[in-house]
Structure formats: structure tokens, C-alpha cells
Amino acid sequence: MPESGMEKIKAVNPAILVGLDFGSVMHKDSLQELKQLAISAKLQVLTIVEGKRSHPDPTTYIGSGKVNEIAQLIAQNEASLVIFNHDLSPAQQRNLSLRLNCNVIDRTSLILDIFSQRAKSHEGKLQVELAQLEHLVTRLVRGWTHLERQKGGIGLRGPGETQLETDRRLIKKRVKLLKEKLSALQRQRNVQRRSRQRTDVLSVSIVGYTNAGKSTLFNKLTRAQSYAADQLFATLDTTTRKLFLAESGSAVISDTVGFIRELPHTLVAAFRATLEETAQADILLHVIDASNPNWNEQVEEVNKILKEIGADTIPQVLILNKIDLTDFAAGCKSCARDEYGRISRIRLSAKTGEGIEFVRSALTEALIENSKKMYEQSTGIKREIGGCATVQELF
């Protein structure tokens, strides 16, 4: 199988980042996110090359002037990797690699490599490999012209199949096998889910933007030892634990992979079996990094992906995490309720534990409501609002 621009890059140290501004208000934030991704991939970011265009150049995406500028930076800094904050076509990636004489990858390839580094479970590794191969097969269409020659020569004449066709056939065969293995694991998970549903156990999923503090909250609630770090995609493998709630019963809570802007569709598709755990949940704890000035945009990105996997109708509790890093007014309340009297927003520091009791209260209410749902629908009885603030008072 040919080498790709998505090959393991964790051994590569110096990298140059490239991002063009096409008029998006999120351009600066997206570039900063790319830098965090590169650092998470254990790369040394040398510099960031920026530029403005009305539309991408069809040949090199950035135009010949920027190509020459990057070539000079590569020569000066001995960089061996260039990362684009955009999705490159196979032809663009090939042309850039030839002109810059170094490895060129795009944002999708970088995210896939990080996932490859972080996946620990058997299912996680299968999902990442599937996503990588489905991304690679698109690179074989036009990016690998040197493989389009027919095999030939004495002793090498084959059945008329080009090397390119052979590679594509082998990849498709491996993709089919991976999908079969993931389907078997999905059936096993469905059996476990049905078992929980029969026992009326509340199913809770922690979702949110990457590096919002989901695993820290998960550990605080369950006293688990899941890996938590200040880096993007610290968690890839879904972890599930049982959580006991005083005087109301128990719940099953899952820590899931974080989302990000422009999350590759190949990853969403490959992780669909795992993400179905979210789609089948009774309630979502949507963790938000309140210290990020653009947390509203991050919430929108997460909701887009939730809609894509069919989880957009599941009740959410928005948890504004990392309040220890914010300058909220001293008079701000710790939680807010919606018009139905349910806790809908919580200010929290998962690191210090401040506000954790409101998360438990929200889950307790959800557990009680889940068990009395049919009764409340038939009688129209609603719980009284007590103790907590309105949304206006919270913010």
C-alpha cells in the first residue's frame, strides 16, 4: 500500500501551519484551534502563514505567491511538515508536496492522526483505522498518478490490473472487514443497552466540545480514573460507569469523544456505533468551556453533530464548566431552571468540585421524571420551581 500524506506524523517535530481567510469571522479562532491540534499531535509549531483570498486556487489552494513564501520558510527553518487548516483535494495535496518538497497534510489528516495516537480500546482502534482508510481511498483517485502504470516486464505481467486498482481493492476489502467487526460490537452494545432499559436505569451521556472538561466531570461524579488532560481529544474511547444517586436510584453515565469544528465526516461515520450511545441516552450533560470567549459558537457546533447522529431531541443540561478560570460576577447564581421547572443550566468547576451538587440534583430530577413520565403526561402535573435561579439571573 502506498504511503500517504496522512502517514504517522508524531515523529515529525517542526511544522508550519497555513490558514487562509475567506471572510469567516471564526478565522482567528480556527487557526488557534489548528495550533492546539498540532501541539496535541506532539508537533513543534514553527510559524503560522496567513493570507486572504476570495476563493481557493484550484491547483495549490493558496496560489503561487504563498507557495514560494512557504518554500522559503521551509528552507530557513528546515521544516519537514506543512499543515493546512483546510481540506485539500488529492491533486492540490500532490502539487503542494512536489513544489514544497516536504510532507503536506490537511486539517482532516491531522485530526485522524491524533485519533490514531489516542485510541486505546480494540473498538477505538478499529474505528480510527476505518476512518483513515476511507479518507485514504479518496487520496488514491487523483493524488497517486505514479501508481496508474500497468505492471509489466518479464515475470511481472499481471492480469491487467494497475497498482492503483490493486491498492483500492485491498483497501475496500479491509474496510469491509472493519465494518463487519464494528457491526458485531454494535450488536453487543445494543444487547447491553436493552438490558439497561428493561431495568429502568437512567442513561446519561456527557457530551461537548473537545477539551471542555468532560472527563474531569466524569471522574468527579463517578470517582473513576479516566484520562483527563488539557489537550484536544484526550478521550476517544467511550467509558461507562454506574452512578448511584441518593434516594432516587442509579444511572449509567458515559464519557464520550469530544467534538470539534469541521469534524471529519469519515470520523463521524466510523464512530457512529459509539456515538449511538449518545443518541440512545435519556439525558445529555452538555459540558461547555465557560472560559472560552467563543463558547456560544462551540455549543452550536456540538448541536450540529448531535443533530447529525439523531441526538438533537434528547433533553440537555448545559454545564458551564471552568468557572474557576472566569470572572463571573459574585452575585451570579449556580443554576437555572427552564419554564418546566427543570434544571437547565449549571455553573460548575469540575476541577474544584464547585457546583457538582447541582449536577447530581439535575440527574436525580431526570431519574424521577423518567420513572413518572407517563403519569405526568396524563395528569399535566409539573414540579414546582424551587431553590435555583432563572436563566437571566444566572448570566
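What is the volume of the largest cavity? In this predicted model, the largest cavity has a volume of about 50 Å³, and a search of the whole structure finds 3 cavities of 30 Å³ or more. The points below take up the lining of that cavity and then three pairs of helices that are in contact.

**The largest cavity**

- The lining of the largest cavity is formed by Phe115, Val257, Gly258, Phe259, Leu263, Leu267, Val268, Phe271 and Leu275.
- When the lining residues of the largest cavity are sorted by class, 8 are nonpolar and 1 is polar, while no charged residue takes part; because Gly counts as polar, the polar member of the lining is Gly258.

**Helices α2 and α3**

- Helix α2, covering residues 64-77, and helix α3, covering residues 90-100, have axes that come within 10 Å and cross at roughly 50 degrees, and α2 and α3 are therefore oblique to each other.
- The crossing in which α2 passes α3 is right-handed.
- On the α2 side the contact is made by Val67, Ile70, Ala71 and Ile74, and on the α3 side by Leu96, Arg99 and Leu100.
- The contact of α2 with α3 comprises 6 nonpolar residues and 1 charged residue, with no polar residue; since Arg counts as charged, the charged member of this contact is Arg99 of α3.

**Helices α7 and α11**

- The axes of helix α7 (residues 214-222) and helix α11 (residues 356-371) come within 11 Å, crossing at roughly 75 degrees, which makes α7 roughly perpendicular to α11.
- From α7, the residues Leu217, Lys220 and Leu221 meet Ile356, Val359 and Arg360 of α11.
- By class, 4 nonpolar and 2 charged residues make up the contact of α7 with α11, and no polar residue is part of this contact; because Lys and Arg both count as charged, the charged residues here are Lys220 in α7 and Arg360 in α11.

**Helices α1 and α4**

- Helix α1, which spans residues 27-40, and helix α4, which spans residues 107-118, have axes that come within 10 Å and cross at roughly 35 degrees, and the crossing of α1 and α4 is left-handed.
- Residues Ser30, Glu33, Leu34, Leu37, Ala38 and Ser40 in α1 meet Arg107, Leu110, Ile111, Ile114, Gln117 and Arg118 in α4.
- The contact of α1 with α4 draws on every class, with 6 nonpolar, 3 polar and 3 charged residues.

Key:
Residues are numbered from 1 along each chain as its sequence is written. This is a predicted model: local features need pLDDT of at least 70, side-chain atom pairs count only at pLDDT 80 or more; totals for chains, interfaces and linings use all residues. Side-chain values use heavy atoms; hydrogens and water are left out. On a 1 Å grid over the protein atoms alone, a cavity is a set of points where a 1.4 Å probe fits but cannot get out, and a pocket is an open set with protein on both sides within 12 Å along at least five of seven lines; lining residues have an atom within 4 Å of a point. Grid points are joined across faces, edges and corners, and a volume is the space filled by probe spheres set on the points. Axes are lines fitted to C-alpha atoms, for helices over the stretch in contact, and angles run from 0 to 180 degrees between N-to-C directions. Helices (H or I, at least four residues) and strands (E, at least two) are DSSP runs, numbered from the N terminus. Angles under 35 degrees count as roughly parallel, over 145 as roughly antiparallel, 65 to 115 as roughly perpendicular and the rest as oblique. A crossing is left-handed if the near helix is turned anticlockwise from the far one by less than a right angle, and right-handed if clockwise. Contact means heavy atoms within 4.5 Å.
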